[in-house]
Amino acid sequence: MTPHLQATATQLVFGVGNPDADIVFVGEAPGKNEDLQGEPFVGAAGKFLNEMLSSIGLQRQDIYISNIVKYRPPDNRDPTPEEIAEFKPYLLKQIAVIRPKLVVFLGRHSMNVFLPELKISQAHGQPIRKDGQVYLPLFHPAAALYNGAMRQTLLDDFRLIPAILKKYLTNFGIISNLYST
Ligand code: URA
């Protein structure tokens with residue numbers, strides 16, 4: 001059995017941001033910088049995330065951000081299904097108390113917790129409503145850091161967010177599985 005992540009991590013990285021946010025972002029698990037600072041997305045991927053947020057007029061304090069798994073896996077390995085299952089109830093509670101209009105998945109791991117049947121290569125950039133919650137799967141910013149095409153796709157997908165929120169707010173539009181403009 002793998003040792004519990006708490007044994008190797010520096011600290012719990014629970015989540016930060018506005019508890020009244022319209023958007024909750026969900027990443028995979030803390031990396032090295034996040035483990036040291038106790039905050040999600042503060043490393044290179046976080047810097048890119050901040051850039052994308054500001055490209056649509058948002059700042060970190062406007063959103064809430066967390067990860068599925070709250071302790072750093074050693075050597076940044078993928079979280080195991082058992083680790084994801086252990087932390088899932090906390091993520092569900094975070095979303096339940098914040099009641100965001102939109103949950104954005106950063107990468108396939110977080111998407112597959114909620115939408116296990118989807119492939120990120122096909123699902124990215126397409127809002128989906130399931131059980132009354134609107135979700136937007138995106139590529140993980142770390143995957144896009146050194147891949148120019150993916151980076152552009154992520155920027156393009158990010159720009160859909162204001163329109164998705166607007167449609168949601170006016171209660172007009174997203175009633176089927178796929179959203180089209
Ligand atoms: N990658 C993640 O998925 N989460 C973080 O908090 C940082 C990097």
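The following conversation concerns the ligand and its pocket in a predicted model.

Biologist: What makes Gly27, Glu28, Ala29, Glu34, Pro40, Phe41, Asn67 and His140 the residues around the ligand?

Modeller: A residue is counted as near a molecule if one of its heavy atoms lies within 4 Å of it, and the residues around the ligand are the eight-membered shell you name, from Gly27 to His140.

Biologist: Why is the approach of Asn67 to the ligand called a polar contact?

Modeller: An N or O atom in the side chain of Asn67 is 2.8 Å from a nitrogen atom of the ligand, and because the cut-off for such a pair is 3.5 Å, the pair counts as a polar contact. The side chain of His140 likewise places an N or O atom 2.8 Å from an oxygen atom of the ligand, while for Glu28 a backbone N or O atom lies 2.8 Å from a ligand oxygen. Of the 230 Å² of accessible area that the ligand has on its own, the protein covers 91%.

Biologist: How do you know which space the ligand takes?

Modeller: A molecule sits in a pocket if more than half of its atoms lie within 2 Å of the grid points of that pocket, and the space taken by the ligand is the largest pocket, with a volume of about 550 Å³. Its lining has 28 residues, with Glu28, Ala29, Ala45, His140 and Ala142 nearest the centre, and helices H1 (32-37), H2 (44-55), H4 (108-114) and H6 (141-144) each supply at least two of the lining residues.

Biologist: What makes up this lining by class?

Modeller: The lining of the largest pocket divides into twelve nonpolar, ten polar and six charged residues, whereas the shell around the ligand has three nonpolar, three polar and two charged.

Technical notes. Residues are numbered from 1 along each chain as its sequence is written. This is a predicted model: local features need pLDDT of at least 70, side-chain atom pairs count only at pLDDT 80 or more; totals for chains, interfaces and linings use all residues. Side-chain values use heavy atoms; hydrogens and water are left out. A polar contact is a pair of N or O atoms within 3.5 Å; within protein, one must be able to donate a hydrogen and the other to accept it, and residues adjacent in sequence count only if both atoms are side-chain atoms. Accessible areas come from the Shrake-Rupley method with a 1.4 Å probe; for residues, only the protein chains shown count as cover. On a 1 Å grid over the protein atoms alone, a cavity is a set of points where a 1.4 Å probe fits but cannot get out, and a pocket is an open set with protein on both sides within 12 Å along at least five of seven lines; lining residues have an atom within 4 Å of a point. Ala, Val, Leu, Ile, Met, Phe, Trp, Tyr, Cys and Pro count as nonpolar, Asp, Glu, Lys and Arg as charged, and the others, Gly among them, as polar. Grid points are joined across faces, edges and corners, and a volume is the space filled by probe spheres set on the points. Helices (H or I, at least four residues) and strands (E, at least two) are DSSP runs, numbered from the N terminus.
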